[in-house]
Amino acid sequence: KELMKILIIALVLAVAFATPEKEAVVKHLLADEAAMNTAVEGIFAKFDKDQTGFLERNELIALVKHLASEFNFPLTEGRLPIIFKEADSDNDGKVSLPELKVICKKWAHMVLAVYGVKHDLQAASQLFHSNTPLKKKK
């Protein structure tokens with residue numbers, strides 16, 4: 001229940017802060033696997049401060065906070081442990097580069113879905129305010 005509540009809140013906030021520029025970046029990264037891998041490898045190297053080849057909890061949290069700030073996305077402290085647990089798929093208490101690549105692709109797909117929801121909400125709002133009668137499907 002708690003995870004679902006957090007996901008719904010994240011979805012609502014993401015829709016509020018989605019922009020066409022951010023959508024274009026996400027689409028590019030999902031369309032170009034080499035670009036996605038390069039981006040993830042770069043950010044992994046930047047936040048692996050102790051150069052262990054893994055992101056410990058504090059390093060992943062710093063990375064997530066950085067991305068939230070970069071994309072102007074509000075993030076609460078309560079979501080951070082859930083994000084770490086999701087990223088640490090083998091439950092060893094740290095996040096490897098392959099784990100980060102997997103979770104970043106998953107997050108990118110979720111973000112793209114949020115942009116789709118935003119477009120659908122905008123279209124529905126325009127239709128609602130346009131005084132155009134709805135046509136019945138045959």
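Is E41 buried, partly exposed or exposed, and what is its relative accessible area? In this predicted model, E41 has a relative accessible area of 36%, and because this value falls between the limits of 20% for buried and 50% for exposed, E41 is classed as partly exposed.

E41 belongs to helix α3, which runs over residues 33–47 and contains 15 residues. From its first C-alpha to its last, α3 reaches 21 Å, close to the 21 Å expected at 1.5 Å a residue. Within this helix, the residues A35, M36, N37, V40, I43, F44 and F47 are buried. An α-helix has 3.6 residues a turn, so residues three or four places apart point the same way. At the N-terminal end, α3 is capped by D32, a side-chain oxygen of which lies 3.2 Å from the backbone nitrogen of A34. The buried residue F47 also carries a charge over its ring, since K49 lies over the face of F47 at 5.7 Å from the ring centre.

Salt bridges were examined next. Side chains of opposite charge can pair when their charged atoms come close. The structure holds four salt bridges, among them one between K105 and E33, whose side chains meet at 3.4 Å, N to O. K105 lies in helix α6 (residues 97–129) and E33 in helix α3, so this pair ties together parts that are 72 residues apart in sequence. With a relative accessibility of 27%, K105 counts as partly exposed. Another of the salt bridges joins E41 to K101, with the closest N and O atoms 2.8 Å apart; here too the pair links distant parts of the chain, E41 being in helix α3 and K101 in helix α6, 60 residues apart.

A further salt bridge is formed by the side chains of E86 and K106, at 3.0 Å from N to O. This pair connects helix α5 (residues 80–87), where E86 is found, with helix α6, where K106 is found, the two residues being 20 residues apart. E86 is partly exposed, with a relative accessible area of 31%, and K106 is likewise partly exposed, with a value of 42%.

Helix α4 (residues 57–70) has 14 residues, which at 1.5 Å a residue should span 20 Å, and its end C-alpha atoms are indeed 20 Å apart. The buried residues of α4 are E59, L60, I61, L63, V64 and A68. As for the aromatic rings, a search of the whole structure finds zero aromatic pairs, whereas the ring of F54 has the charged end of K94 over it, 4.2 Å from its centre.

Terms used: Residues are numbered from 1 along each chain as its sequence is written. This is a predicted model: local features need pLDDT of at least 70, side-chain atom pairs count only at pLDDT 80 or more; totals for chains, interfaces and linings use all residues. Side-chain values use heavy atoms; hydrogens and water are left out. Helices (H or I, at least four residues) and strands (E, at least two) are DSSP runs, numbered from the N terminus. The expected span of a helix is 1.5 Å times one less than its number of residues. Buried means under 20% relative accessible area, exposed over 50%, partly exposed in between (1.4 Å probe, protein chains only). A polar contact is a pair of N or O atoms within 3.5 Å; within protein, one must be able to donate a hydrogen and the other to accept it, and residues adjacent in sequence count only if both atoms are side-chain atoms. Rings of Phe, Tyr and Trp (its six-membered ring) pair if their centres lie within 6.5 Å; planes under 30 degrees apart count as stacked, over 60 as edge-to-face and the rest as tilted. A charge sits over a ring if NZ of Lys or CZ of Arg is within 6 Å of the ring centre and within 35 degrees of the ring normal.
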